[in-house]
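Work through the following exercises with the sequence and the model in view. Each task is followed by a stepwise solution.

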Amino acid sequence: MNGNTPYAGLPGETGAGQRAAADVPDLSRAQKRLLHRDVSRIAARTREFLPDEYVVDSDISSGLTGPQVTVAVRPPIGHAVSAGFTPDVDEVPAAEEVITAAERDEVARGLAASAALQVKQAVSDSVTPTAK
């Protein structure tokens, strides 16, 4: 079955579990700068939705298929939540954004809502409801 997957490697060219160097996109300085800017905007937008007790951080790393973006929120109580994705940087001209404003807003809202839900679930057992 391994011969049917792209991860089996090509005899004499690419080892098993490795990707060909041509498959991994190489970012230009402008694309890296735009990607860092857009990820920072996601983190900043997420902070706008949450009180100061929530810690928001972001990270960009290199993966097998290109840059991997992670934005995480650590609520004051409960489990941390994160959103990770691989932006498509191949089709981005140097003067545009890598992650659109709508995508940034969607990720920020989703993270903020998930972090708030974690807090609600963590304190739900110890808080008596005031009404039903």
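**Exercise 1. Classify Arg109 by its accessibility, then place it and list what it touches.**

Step 1. Arg109 has 45% relative accessibility, so it counts as partly exposed; buried means under 20% relative accessible area, exposed over 50%, and partly exposed in between, with a 1.4 Å probe and protein chains only.

Step 2. The model is a predicted one, in which local features need pLDDT of at least 70 and side-chain atom pairs count only at pLDDT 80 or more, while totals for chains, interfaces and linings use all residues. Residues are numbered from 1 along each chain as its sequence is written, and side-chain values use heavy atoms, with hydrogens and water left out.

Step 3. Arg109 belongs to helix α2. Helices are DSSP runs of H or I with at least four residues, strands are runs of E with at least two, and both are numbered from the N terminus.

Step 4. Apart from neighbours within four places in sequence, Arg109 contacts Arg45 and Phe49; contact means heavy atoms within 4.5 Å.

Step 5. Leu50 lies 59 residues from Arg109 in sequence, with 9.8 Å between their C-alpha atoms.

**Exercise 2. Describe how α1 and α2 pack.**

Step 1. The angle between α1 and α2 is about 40°, and their axes are 8 Å apart. Axes are lines fitted to C-alpha atoms, for helices over the stretch in contact, and angles run from 0 to 180 degrees between N-to-C directions.

Step 2. The two helices, α1 and α2, are therefore oblique to each other: under 35 degrees counts as roughly parallel, over 145 as roughly antiparallel, 65 to 115 as roughly perpendicular, and the rest as oblique.

Step 3. Residues making this contact include Asp38, Ile42 and Phe49 of α1 and Arg104, Ala108 and Arg109 of α2.

**Exercise 3. Which residues of α1 are buried, and what covers them?**

Step 1. α1 covers residues 29-49. Its buried residues are Gln31, Leu34, Leu35, Asp38, Val39, Ile42, Ala43 and Thr46.

Step 2. The cover over these α1 residues includes β1 (55-63), β2 (66-74), β3 (81-85) and α2 (101-123).

**Exercise 4. Is Gln118 buried or exposed, and which residues does it contact?**

Step 1. Gln118, in helix α2, counts as buried because its relative accessibility is 16%.

Step 2. With neighbours within four places in sequence left aside, Gln118 contacts Pro75, Ile77, Gly78, His79 and Val81.

Step 3. A polar atom of the Gln118 side chain lies 3.5 Å from the backbone nitrogen of His79.

Conventions
Expected span 1.5 Å × (residues − 1). Polar contact = N/O pair within 3.5 Å; in protein donor to acceptor, adjacent residues only side chain to side chain.
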